[in-house]
Amino acid sequence: MSDNGTFTPVIVGFLCNWCSYRAADLAGTSRMGYPATLRDIRIMCTGRLDPTFVLRALQKGADGVLIMGCHPGQCHYQEGNYKAIRRFALLRRTLRQLGIEDERVQLHWASAAEGVQFAQTVARVTEQIRQLGPLDWARNWPNEDPYAVEEAVHE
Amino acid sequence: MSEPRVGVYVCHCGHNIAGTVDVEHVAEWALNLPNVVVSRENKFMCASTGQEQVEQDIKEFDLTHVVVASCSPHMHEKTFRNACARAGLNPYMFEMANIREHASWVHANDKDGATNKAKALVSAAVSRVIFHEPLEPMQVSIRPETLVVGGGIAGIQAALEIADAGYHVYLVEREPSIGGHMAMFDKTFPTLDCSACILTPKMFDVGAHPNITLLTYSEVERVDGYVGNFTVRVRKKAGMVDQDLCTGCGSCWESCPIRIVDNVFEAGLGHRKAIYRPFPQAVPKYPVIDVPNCTYYKSGKCRMCEKVCPTNAIRFDMQDEVVELEVGNIILTTGFKLFDARRVPNYGYGRLENVFTSLEFERLTNAAGPTEGKIVLRDGETPPQSVAIIHCVGSRDRNYNTHCSAICCMSSLKFAHLVMEKTGAQVYNFYIDMRPLHKGYEEFYHRIMDEGAQFIRGKVSEITDAARSPEEDGKLVVVCEDTLIGQQRRVPVDMVILAAGLEPRADAQAVGYMFGVGCGDTGFFTERHPKLDPVATVTEGVFIAGACQGAKDIPDSVAQGAAAAARVLGTISKREVALEPIRATIDEERCSGCRICNNMCPYHAIDFIEEKGVSRVNPALCKGCGTCVAACPSQVITGAHFTFDQLMAEIDGILVDVLSDQPIVEAV
Amino acid sequence: MSNQKPKLALYWASSCGGCEIAVLGLHEKILNVAEAFDIVFWPCVMDFKYADVEAMEDGEIDVCLFNGAIRNDENAHMAHLLRQKSKVLVAFGACSYGGSMPGLANFADREAMFQWIYFDSPSTVNPDGVVPQKRSDVPEGELRLPGFWNTVKTLAQVVPVDYFLPGCPPEASSIEIAINAIVSGELPPPGSVIGPDVTVCDECSRKKSEKKIQRFYRPQEIFPDPDICLLEQGLFCAGIATRSGCGAKCPSVGFGCRGCYGPNEGVLDHGAKILTGIASVLDAMTAEEAEAILDTLPDPAGYLYRFHLPDSLLRRKARGNGQRQPVGETSQREPA
């Protein structure tokens, strides 16, 4: 998606119900402006984040993924975000090996009172991904099958 | 299985959404999404007309799922779920798309971007909702007994309200007596009521109440179970005094030869004995022995208290007693701790003799305190002729605590009044902002101004005894910027009182963990919703009230204690409570017993069933965070309402305009 | 209805031959196979030609057991052809199901691979710089080689597949179950994986407790306790996320499962499930602690996607197009 040549990233967000989603709400009630690049999905806790979700978003055309939760030590469910930290660490190493830049998938924290920080984080991450350009993952496997009648559908 | 039939409703919210998002276009576009059979827009979906439209459509179009694109689910998810329920549709067959807080309100300068995002969010909701299940809340029965942890004013209020209503309360308190910080105060603002005079009748009522079991000198060690059915292990520390025999006569502590500084009740200003009762009006009235300081436990000698006790109540070999309480609800009222003013070295507390903290001053001016209520310097004799009161010590400060402690302005005004009344000294209040917020507080402020206190607006940078001029000799000099006149000032005084802030208790995090309550960024316990639900927590059956939830004064603590009691009484009277059906379930047929989920749960909701070699989630303990669901490597744990299928569909739906299903067909 | 025995075809695309041997591993039960079926195509073992298949009617082959991944034009040609000529097409073994070892080429591409194989490798002697060509002229005429693809695909990514039989290779017991199911006609719904829907943990006899991984060990670094879960001892074991049916043979001899049977039902990305299972139990409360533990696990993508890279959601490493990292690099831990 581009606008006069500048590329507008599409970023899928995973926000936890108690902290970062409410921070986003607060950014809304405070009328903070930030780029319309983040499309957010609500989960109860960043502990719910299955790495499959991140991979799915990237596979299906997102240019980046932003995961945001409660600050470590303040998780509404005590410890969910610690598990998110662990999974994210291994996911990031794996994505690096698959040639995906670190800036494309990021994990940040925002408490329910941090509407400003939420907006700033979205703006900053948007810029970082904008600099990297579109990910366009499906372009990695153009069809090489000369016998294909129609493309095999990947689910 | 019949085909899903989805109804989509896009709200204008007046101009709030429609001013930025092209609502008509979104509604029209949504009709083309898979499974959507009706798509409408409405000026105010949450109004009765909006809700009625949904109800009508459900019946008329046989809708199986409903999506409303409007504000945040935190605002109106319940509203629309109830509308669905009224029309006979399970309320969980509903999903919201937040196109106000997350779109129109934040992309006001980018109408195309906002509209595009709104479409993506609607598509996501439509894709997700068809995987929703008709969930039913789980009913659990409620035991009528209640546990209140912490015997300060909030806990006392909560306990009395529940006990007066006819239900049993266990009140657990760590110290030998209930009363908390309020028992230490001299007078309370703004009425200048004697604190003990208004507190002790309530304390007495607690002690005498047939429905209250008071467990003082006791601590909670472990909490198991779930709302309506908690099992709490409490350790009753051995006080070495048989309470069935003791009459509270006081002979023991009068004869005890060991005198030590009382750091708790006397704030380090006064003394007590090794066998002691914290204060005269203590409830219960029985003393306890401070074992580490008692001669008998060090050398086997003395035993004076035993010799003089007329009823033979001393028991040196008493052991701690551990009891298990079965309760239906728990209220945490564990209070606060005072900011340690030694952390601000430039204020000289602990180094400069006549710098006092607020709690020390309370003991000073209290008629039952170590100086019998005389306001004097550390020498115990000399009254001050000038006193500085410093507001915001350790509060509103990036170096220590960023929050405002709510009571310090009022306490400082109160101190000013007491100093002027008792000593006639000149009082200076050094403040940043004046926060007399509640009923009668502003008037009290004016009264203190009228009484002659001087108010200097500016943050104090230093309190020093290094004199720079003869007037400063032998004085404490308060160095500050007087912002109202735009000048630096040095104000020499005899005594400084630091209005130290209120902090969470040092063990708040550990205590919270034990009860399933988290701590926020300021360290106080986290409430379920800061505006609409300040006494409930994310754990059903556990409530918080008073200063442990956030710095507050006595009226607010009392109100919260009563509010928590009302909530508890509500669940007791209903006999049953409905638990949100958002929780995890393990498919035992497909569980392979890897046990990775076993230590994912901070609520101990997952057990391993040895005989079957599978793990199992206790649905009443599960809070629905989904951490175990995401951890399961064989994907056999279902997170109700946040299932794998629902979230994957949501991701696909949210990328509706960039979806890459097909590889690009190109020449090789 | 004819009395003729059902027709069976076995074909190997990009594979090692292990699946063929696995069929022979049925031992005497192979006679049951020969008795039950009429083998009409098995180039590994008997003298058949492609023309034989081309001459068949569509759907004439009752069951085709197809092993090997699809990584060149010839593999694709036979996949399409056998799909056309077979009623039931079974992706036999990890290569055709998930990509397996050939699939690891998805960490590179044709250019990078040819550069290494035909030029840079220490054992290459190629003074004339010869590189495989699709067409070469020789005195006898024109020689053709199949086009070598950049991206390895699974069988199902090229043609519709009826059943999947996992394993590298599938254990004899798994093959037997599949053959019996086919013979008896008691097959699961089309598109299914033939095998139990539990993980290797279910078959593994080691004792499992709550897990807390403080570090990983390479297999040569420790002698594991024979009775305790290998993962708990710091040895990578994908058994937590891998379908059983193999008898947990590898863990039983102290070697962590490598994941060759692939994921369970409903899982779309095998590596992601191994990742989440292992990462969730790292003994770490901060990012730094997690990184320190992960420093002891080299090549995580290799461990996670060893057998199912082409079958994963991302399928392969990004290919350079100016904005991405050059292919052929091994992963180094970059400074934070």
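The following exchange concerns a predicted model and considers chain A, chain C and the contact of chain B with chain C.

Me: Which domains does chain C have?
Reply: The domain assignment divides chain C into domain 1 (7-102 + 152-184), domain 2 (108-149) and domain 3 (200-304).

Me: What distance separates the centres of domain 2 and domain 3 of chain C?
Reply: Taken over C-alpha atoms, the centres of those domains of chain C are 39 Å apart.

Me: Now the contact with chain B. How many residues does each chain give?
Reply: Chain B contributes 20 residues and chain C contributes 24 residues.

Me: And how much area do chain B and chain C bury between them?
Reply: About 1,800 Å² is buried between chain B and chain C, with 52% of it on carbon and sulfur atoms.

Me: Which side chains form the salt bridge there?
Reply: The count between chain B and chain C is one salt bridge. In it, B:Arg590 meets C:Asp197 at 2.6 Å, N to O. Nine residue pairs are also found in polar contact across this interface.

Me: Which elements of chain B give two or more residues to that side?
Reply: They are helix H16 (627-631) and helix H17 (644-654) of chain B. By class, the side of chain B that touches chain C has 10 nonpolar, six polar and four charged residues.

Me: Turning to chain A, is helix H1 mostly covered or mostly uncovered?
Reply: Helix H1 (residues 20-29) of chain A is mostly covered, as eight of its 10 residues are buried. Among them are A:Tyr21, A:Arg22 and A:Asp25.

Me: What follows H1 of chain A?
Reply: A:Arg31 follows H1(A), and its phi is positive, near 55 degrees.

Conventions:
Residues numbered from 1 in each chain as written. Chains lettered and ligands numbered in written order. Predicted model: local features only at pLDDT ≥ 70, side-chain atom pairs only at ≥ 80, totals over all residues. Heavy atoms only, no water. Domains from an automatic or database assignment. Buried < 20%, exposed > 50% of the residue type's maximum accessible area, 1.4 Å probe, protein only. Helix = DSSP H or I, 4+ residues; strand = E, 2+ residues; numbered from the N terminus. Contact = heavy atoms within 4.5 Å. Buried area = accessible area lost by both parts, 1.4 Å probe. Salt bridge = Lys/Arg side-chain N within 4 Å of Asp/Glu carboxyl O. Polar contact = N/O pair within 3.5 Å; in protein donor to acceptor, adjacent residues only side chain to side chain. Nonpolar A, V, L, I, M, F, W, Y, C, P; charged D, E, K, R; others polar.
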